Amino acid sequence: MNIFDAMERHGHEQVIFNYDKATGLKAIIAIHDTTLGPALGGCRMWPYASEEAALEDALRLSEGMTYKAAAAGLDYGGGKAVIIGNPLTDKSEALFRAFGRFLETLGGRFITGEDVGTDGNDFVHAARETRYLVALPEAYGGSGDTGAVTSFGVLQAMRAGLMHRYGDDSLRGRRVAVQGLGKVGRQVVARVVEAGAEVVVADIDPQAVGVVTAQYGVEPVDPWSILETPCDIFSPCALGSVITAETVERLRCAIVAGSANNQLADERLGERLRERGILYAPDFITNAGGLLQVADELNGYRPERVRHRVEAIYDFLLTLFRESDARGIATNRLALTLVEERLKLYHDIHRIFTGGRSRT
Ligand code: NAD
């Protein structure tokens with residue numbers, strides 16, 4: 001990959017490669033855009049097939065964080081870290097402390113926390129070396145796991161989708177297919193079961209499937225056929241790029257609303273979903289709950305305030321869906337336009353000199 005070309009194409013500001021020989025740490029931090037404030041985004045640990053795949057993930061995910069923060073009306077920019085390694089075998093106190101020391105050198109330009117393959121306990125180690133962390137366990141002064149609040153946001157998106165499509169936002173009797181039963185997916189299952197939906201689930205980890213099916217009595221299907229399961233709502237809560245030029249034709253749902261980042265392998269697929277009559281709740285709006293929680297933590301954590309802001313995802317999406325129909329534009333395109341407008345507006349406002357005080 002030609003890194004500067006990729007940065008130019010997507011508008012990234014900074015990419016930092018961090019290596020520590022003693023611990024074997026290989027981490028990439030990508031800062032996409034700090035127009036609105038310091039970059040905020042999770043730190044993923046994954047056994048990437050290649051360094052290029054890790055870099056691509058960091059670039060795509062950090063860009064998505066800029067959109068997510070802007071769409072949520074937050075004064076934060078977009079960034080993401082990836083650690084190359086197997087979360088099951090390669091974690092150690094020293095590895096996360098080495099990561100923490102590198103993070104500290106950025107002086108708060110990037111603030112991070114748990115993501116796929118990491119959890120708050122990993123960052124308890126990192127916190128001994130850096131201040132720039134969020135979502136630490138509550139016992140360590142953080143706001144804790146973000147899965148619950150993210151799943152609450154997914155529920156808002158599902159309800160908004162149902163309201164727009166059927167004029168009734170009840171999940172009772174609706175069929176929901178959940179792909180991925182991790183920190184978010186299993187709580188999405190809990191919420192939609194409680195709301196009276198009929199639920200189908202899949203995960204590549206049979207143990208995760210066993211736990212969820214035993215607990216909620218939901219129907220398991222294999223991970224390859226969940227996409228083509230007939231349902232009202234398909235909820236991607238695993239990894240990104242699940243909707244490709246090939247899989248978009250196999251979907252048999254009315255609505256897509258899930259927590260996974262970068263669900264569309266290509267933004268143009270939003271148009272294809274629209275042509276197929278499938279209502280797409282853009283991922284970076286649907287899954288903003290976790291970000292809203294950690295951003296709130298940086299401003300004096302108030303769980304009721306977070307809940308209120310996550311509830312607003314419902315109205316935001318309803319307006320977006322209506323506008324998308326009225327203007328004949330795919331929901332994801334329209335959402336991106338709103339983000340670009342916000343970035344431009346605040347970029348322009350930040351040119352105003354405020355007497356030497358740096359903006360927060
Ligand atoms: P997680 O690592 O806890 O869970 C992911 C689950 O997906 C795992 O159980 C894994 O086995 C499963 N999986 C992976 N590939 C799969 C496949 N092909 N088919 C079926 N299952 C598969 O992660 P998480 O925190 O639950 O996050 C899930 C998604 O939501 C991620 O894309 C993440 O970036 C996104 N997200 C999470 C949060 C949060 O608060 N945790 C916030 C915003 C977005």
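## Exercises: a pocket and a ligand

α2 (51-71), α9 (283-286) and α12 (331-349) each put at least two residues into the lining of the second largest pocket. Helices here are DSSP runs of H or I with at least four residues, numbered from the N terminus. This is a predicted model, where local features need pLDDT of at least 70, side-chain atom pairs count only at pLDDT 80 or more, and totals for chains, interfaces and linings use all residues. Residues are numbered from 1 along each chain as its sequence is written, and side-chain values use heavy atoms, with hydrogens and water left out.

**Exercise 1.** Work out which helix gives the most to the lining of the second largest pocket, and what classes of residue line it.

*Solution.*
- Start with the term: on a 1 Å grid over the protein atoms alone, a pocket is an open set of points where a 1.4 Å probe fits, with protein on both sides within 12 Å along at least five of seven lines, and lining residues have an atom within 4 Å of a point.
- Next, the helix: α2 gives the most, with five residues.
- Now sort by class: the lining has seven nonpolar, six polar and six charged residues.
- Finally, place the pocket: domain 1 (3-64 + 76-140) and domain 2 (147-342) both give residues to the lining, so the pocket lies between them. The domain bounds come from an automatic or database domain assignment.

**Exercise 2.** Find which residues are closest to the ligand, and where the ligand sits relative to the two domains.

*Solution.*
- Count the shell: 24 residues surround the ligand (a heavy atom within 4 Å), and the closest are T146, T150, D203, A238 and N261.
- Split that shell by class: you get nine nonpolar, ten polar and five charged residues.
- Then look at the ligand's oxygen atoms: one is 2.6 Å from an N or O atom in the side chain of D203, and one is 2.8 Å from a polar backbone atom of V184.
- Last step: domain 1 and domain 2 both give residues to the shell, so the ligand lies between them.

Note on methods. Ala, Val, Leu, Ile, Met, Phe, Trp, Tyr, Cys and Pro count as nonpolar, Asp, Glu, Lys and Arg as charged, and the others, Gly among them, as polar. A polar contact is a pair of N or O atoms within 3.5 Å; within protein, one must be able to donate a hydrogen and the other to accept it, and residues adjacent in sequence count only if both atoms are side-chain atoms.
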